[in-house]
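Biologist: I'm new to this one, so please take me through a single part of it slowly. Here it is.

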Amino acid sequence: MRIVLLGAPGSGKGTQSQRLVQRLGIPQISTGDLLRAAVAKGTELGRQAKQAMEGGRLVDDALVLGMIRERLGEPDTRGGFILDGFPRNLAQAHALDRLLETVRQPLQAVVQLEVDYGELVRRISGRRTCADCGRVFNLFSAKPAALQGELCPKTGAPHRLTQRPDDNEATVAERLRVYDEKTRPLIDFYRARGLLQVIDAEGEVDTVTRRLTAALGAATPRRTTGRTRAATPARSAARKRPARRRAAARTASARSPRATRRTASAKSPSRRKTPAKTSKAAGRRRRAPRGKRR
Ligand code: AMP
């Protein structure tokens, strides 16, 4: 499955992505992790990204897109992926659309993790990451036993917990501001494409995982057609109508747009599931006895 997890810093995208990796067997692609690794290695990319990251600002789109293009070209992403922290603005979302369109592998689900502002700040201040295995813990939510008794799967020694340098108070305020300004608009962007699911991401981690899994289960499966235009019932119907009826519909549309909208939803045999947008007429048609269907 090709998934994007959206949400403010501290909303749990990283933690939930790690759980999805276990469940779905597809890789997590976190642009934040990739950038931090580049900074730690001292590569040219890391050098260019460092200042923006320390200030809580977004790293230049061209750098991030180059990195994503390369990562999505790796073979382990063929069966799907979980994008965590990407896209972060509309330009990145459009670029991702184009990139996935060229390989005919459109996104299948976008889940927005909703968390209250005060809770975000609390979570970020308690966040710690194991320097060796990368697992994310929270001092306020993880049971102490899990932190003390558990050994790092990479070293066999206790986890070495570190705090991210950008998890300090001043930078967090800027990151949340940037999120509201640049990333929040993606909610409407993906809603318009019929891909968005919103879940309450407060409460126990296991409970959020259950909500997330349910949301993914409810996501409309998309075939790998490469089509990324928003799928409305009328558009899906139009795609399935024979050419002659499409031409007739266009003529009717020129005369009366309303009449055409009715024709498209009531008469076309669209079987695509878009529950929020499915017309009453289409609903009645599905319930009609087989012999009476048009
Ligand atoms: P994260 O670990 O996702 O919170 O990201 C940490 C920092 O990396 C962000 O505050 C940005 O400076 C940078 N970053 C991560 N992902 C992106 C992205 N998609 N676009 C631009 N900057 C990013």
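Biologist: Could we zoom in on strand S4: how many of its residues are buried?

Modeller: Quick ground rules before we dive in. This is a predicted model, where local features need pLDDT of at least 70 and side-chain atom pairs count only at pLDDT 80 or more, while totals for chains, interfaces and linings use all residues. Residues are numbered from 1 along each chain as its sequence is written.

Now, S4 covers residues 109-114, and 5 of its 6 residues are buried, so it is mostly covered. Buried here stands for 20 or more other C-beta atoms within 10 Å of a residue's own, with C-beta atoms placed from the backbone. For the whole protein chain of 294 residues, the buried share is 27%.

S4 has partners, too. Strands pair if DSSP finds at least two bridges between them. With strand S1 (residues 2-6), S4 pairs in the parallel sense over 4 bridges, and Leu-5 sits opposite Val-111 in S4. S4 also runs parallel to strand S8 (residues 196-200), with 5 bridges joining them; there, Glu-114 faces Asp-200 in S8.

To put S4 in context, the protein chain has 14 helices and 8 strands. These are DSSP runs numbered from the N terminus, helices being H or I of at least four residues and strands E of at least two. Contacts mean C-beta atoms, placed from the backbone, within 7 Å of each other. Of the contacts with a separation of 6 or more, 73% link residues 24 or more positions apart.

One such long-range neighbourhood involves Val-208, which lies in helix H10 (residues 205-218). Val-208 counts as buried because 21 other C-beta atoms lie within 10 Å. Leaving aside neighbours within four places in sequence, Val-208 touches Gly-12, Gln-16, Ala-201 and Gly-203. Gly-12 is 196 residues away from Val-208 in sequence, yet their C-alpha atoms are 9.0 Å apart.

There's a ligand as well, with 17 residues around it; Thr-31, Gly-32, Val-59, Gly-85 and Arg-88 come nearest. A residue belongs there if its C-beta atom, placed from the backbone, lies within 6 Å. Helix H2 (31-41) and helix H3 (44-55) each supply at least two residues of that shell, with H2 giving the most, 3 residues. The shell splits into 8 nonpolar, 5 polar and 4 charged residues. Nonpolar covers Ala, Val, Leu, Ile, Met, Phe, Trp, Tyr, Cys and Pro, charged covers Asp, Glu, Lys and Arg, and the others, Gly among them, are polar.

Technical notes: Buried ≥ 20, exposed ≤ 12 C-beta atoms within 10 Å, placed from the backbone. Contact = placed C-beta atoms within 7 Å.
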